[in-house]
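Biologist: Pick out the charged side chains in this one and walk me through them closely. I'd like a single connected account, with your cut-offs spelled out as you go.

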Amino acid sequence: IRDCHNYDIRFVNVGFHYPNSDIMVLKNVNITIPYGEKLTIVGENGAGKTTFIKLLLRLYDPTEGDIYLGNRNIRDLPLEEYHGILAAVFQDYKMLSFTVKENIEFGKEPETEEDRIHEILHMVNMDTKIDSLPLGLDTYLYRDYNEDGVEMSGGEMQRLAIARAINRDACIFIMDEPASALDAIAEEEIYRLFEKIIAKNTGIFI
C-alpha cells in the first residue's frame, strides 16, 4: 500500500499563459494544500479553475513559479511515478471502445480482481446495469470493435469514468465537475460517495 503522507501540495508564485498568448490565465498563485485536505474551487467560467488542475496534473508546466509535492518539485518527478498517485475525473472524460472491465482497469497494473470491480460498480450504482448485459464486464462499449457493443447514456458513462478513478487507489483525487451529466439527486449521491472513498486522502473539487 502506498504511503501517501508527506504529499502536501504547494503552488509557489505560479503563473501561466497559453502558447501564442501573453494573457496570464493565472498569476502569482500561492497555496498550500496539506495532505488529507478537501478543497473546493469555485469561480466563474474562464477564471482558471481547470487550468489550475491541469498544472497540478502536469498536463501543462507553469510559465513561472513552481509546484511541489512534499519537498520535491513535480517537474523533477518521473511522470509515470507522479501520475500514479493521482486520479482525476473531468467533465469531458473519455471512455474507450474496449470492454467495461478494460475501461475500469485502464492505466492501472496489475489487473484488478473482478470482485473488486464489482464492488466499485456497486459504489457508483452501475452493478445492476452491467450485470444485466449479456457479457457483463466483457461487454464492449460502442460498436467500433464489436458489433454487439453497447451505447450507454451520458450519466452511465460518467459513472464508469468515476469507477475508473476509484480503481486507481490514488492518494490525491481531483474532480473537475465530474457529475455534469447527472441530475441533482444523482450528483449529490456521487459527491457523498467521493467523500467516503477519498477518506483521509486529498480531494480537490471544481
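Modeller: Here's a tour of the salt bridges, followed by a patch of charge on the surface. Bear in mind that this is a predicted model, where local features need pLDDT of at least 70 and side-chain atom pairs count only at pLDDT 80 or more, while totals for chains, interfaces and linings use all residues. Residues are numbered from 1 along each chain as its sequence is written, and side-chain values use heavy atoms, with hydrogens and water left out.

A search of the whole structure turns up 7 salt bridges, each being a side-chain nitrogen of Lys or Arg within 4 Å of a carboxyl oxygen of Asp or Glu. Let's start with Lys101, which is linked with Glu105 and Glu111 in a network of salt bridges. In the pair of Glu105 and Lys101, the closest N and O atoms are 3.0 Å apart. Both sit in helix H3 (residues 100–105), and because they are 4 residues apart, about one helical turn separates them. Helices here are DSSP runs of H or I with at least four residues, strands are runs of E with at least two, and both are numbered from the N terminus.

Glu111 also bridges to Lys101, with a closest N–O distance of 3.8 Å. Glu111 lies in the loop between H3 and H4, so this pair ties together parts that are 10 residues apart in sequence. What about cover? Lys101 is buried at 10% relative accessibility and Glu105 is buried too, whereas Glu111 is exposed at 64%. Buried means under 20% relative accessible area, exposed over 50%, and partly exposed in between (1.4 Å probe, protein chains only).

Move on to helix H4 and you'll meet another bridge, between Glu119 and Arg116, with the closest N and O atoms 3.1 Å apart. These two are 3 residues apart in the helix, so they are separated by about one helical turn. Glu119 is partly exposed at 41%, and so is Arg116 at 24%.

H4 (residues 114–123) also holds Glu114, which is partly exposed at 39%. Glu114 gathers with Glu102, Glu113, Asp115 and Asp138 in a patch of negative charge on the surface. Patches like this take residues with over 30% relative accessible area and no salt bridge, like charges being joined within 9 Å and nonpolar side chains (Val, Leu, Ile, Met, Phe, Trp, Tyr) within 5 Å. Areas come from the Shrake-Rupley method with a 1.4 Å probe, and for residues only the protein chains shown count as cover. Lys and Arg count as positive, Asp and Glu as negative, with His and the chain ends not counted; a charge is placed at NZ of Lys, CZ of Arg, CG of Asp or CD of Glu.
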